[in-house]
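I opened this notebook to record what I looked up in a structure that was new to me. The entries follow the order in which I went through it.

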Amino acid sequence: MDLFAGIPVSDYPAAREWYERLFGPIAFEPNDVEAVWELAEHRYVYIEHRPEHAGHAQHTIFVDDLDEVVAGIAGRGLEPAQRKTYDNGVRKITYRDADGNEIGFGGAPVG
């Protein structure tokens, strides 16, 4: 199974830079209004210049080592907009781009 999760943005150059800080290097750019990141084999997130739809994406990516992912993102200059721990111990760290799109990273309970 392949997954392509799209995120509409209003300012493509600014969003491209922000998402590079969030996800790291771009995997490929199929055209001049899209950039794609491969998060795991056959699992992609992409941004696309679609200002009329920008700000409505909500994606959560569950990762093996949440602390490592958050530290890597902080090292690229981004800080979370929200941190939450659910009653069952699952943690979620949320980032918001300039359009208000929400990208969350989830992790299993610590310990």
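The entries below go from the helices to the core and then to the salt bridges. I note at the outset that this is a predicted model.

**Entry 1: helix H1**

I began with helix H1, which covers residues 12-23. I asked what span its 12 residues should have at 1.5 Å a residue. The expected figure is 16 Å, and the end C-alpha atoms are 16 Å apart, so the two agree.

I then listed the buried residues of H1, and found Tyr 12, Ala 15, Trp 18, Tyr 19, Leu 22 and Phe 23. Viewed down the helix axis, these buried residues fall within an arc of 125°, and therefore they line one face of H1. A general point helps in reading such a list: an α-helix has 3.6 residues a turn, so residues three or four places apart point the same way.

I looked at both ends of H1 as well. At the N-terminal end, Asp 11 acts as a cap, with a side-chain oxygen 3.3 Å from the backbone nitrogen of Ala 14. Just after the helix, I noted that Gly 24 has a positive phi of about 95°.

**Entry 2: helix H2**

I turned to helix H2 and asked which of its residues are buried. They are Leu 66, Val 70 and Ile 73. Seen down the axis of H2, they fall within an arc of 60°, so they too line one face of their helix. On the other side of H2, I found Glu 68, Ala 71 and Gly 75 exposed. The cover over the buried residues of H2 includes H1, strand S6 (82-85), S7 and S8.

At the start of H2, a side-chain oxygen of Asp 65 comes to within 3.3 Å of the backbone nitrogen of Asp 67. After H2 comes Gly 77, with a positive phi near 95°.

**Entry 3: the nonpolar core**

I next examined the largest nonpolar core, which has 25 residues. Those with the most contacts inside this core are Tyr 19, Leu 22, Phe 23, Ile 47, Tyr 95 and Phe 105. I asked which elements supply at least two residues each. They are strand S1 (3-9), H1, strand S3 (34-40), strand S4 (43-49), helix H2 (66-75), S7 and strand S8 (102-107). H1 gives the most, with six residues.

I followed Tyr 19 in more detail. Leaving aside neighbours within four places in sequence, Tyr 19 is in contact with Ile 7, Val 9, Gly 24, Trp 37, Ile 47, Asp 97, Asn 101 and Ile 103.

**Entry 4: Thr 94**

I located Thr 94 in strand S7, residues 91-96. Is Thr 94 buried or exposed? With a relative accessible area of 4%, Thr 94 is buried, since the cut-off for buried is under 20%. Not counting residues up to four places away in sequence, Thr 94 touches Pro 80, Ala 81, Gln 82, Glu 102, Ile 103 and Gly 104.

**Entry 5: salt bridges**

I asked how many salt bridges the structure holds. There are four.

One of them pairs Glu 29 with Arg 16, the closest N and O atoms being 3.0 Å apart. Glu 29 lies in strand S2 (residues 28-31) and Arg 16 in helix H1, so this pair ties together parts 13 residues apart in sequence. Both residues are partly exposed, Glu 29 at 40% and Arg 16 at 27% relative accessibility.

Another joins Asp 67 and Arg 91, with the closest N and O atoms 2.9 Å apart. Asp 67 is in helix H2 and Arg 91 in strand S7, so the parts tied together are 24 residues apart in sequence. I noted that Asp 67 is partly exposed at 47%, whereas Arg 91 is buried at 17%.

I also found Glu 102 and Arg 96 meeting in a salt bridge, 3.1 Å from N to O. Glu 102 is partly exposed at 22%, as is Arg 96 at 35%. Finally, salt bridges that share partners join Arg 16, Glu 20 and Glu 29 into one network.

**Entry 6: a loop residue**

I closed with Glu 52, which sits in the loop between S4 and strand S5 (58-62). At 57% relative accessibility, Glu 52 counts as exposed. From Glu 52 to Asn 88 the C-alpha distance is 38 Å, and the two are 36 residues apart in sequence.

Note on methods:
Residues numbered from 1 in each chain as written. Predicted model: local features only at pLDDT ≥ 70, side-chain atom pairs only at ≥ 80, totals over all residues. Heavy atoms only, no water. Helix = DSSP H or I, 4+ residues; strand = E, 2+ residues; numbered from the N terminus. Expected span 1.5 Å × (residues − 1). Buried < 20%, exposed > 50% of the residue type's maximum accessible area, 1.4 Å probe, protein only. Arc of directions from axis to C-beta. Polar contact = N/O pair within 3.5 Å; in protein donor to acceptor, adjacent residues only side chain to side chain. Contact = heavy atoms within 4.5 Å. Core = buried A, V, L, I, M, F, W, Y, C linked by side-chain atoms within 4.5 Å. Salt bridge = Lys/Arg side-chain N within 4 Å of Asp/Glu carboxyl O.
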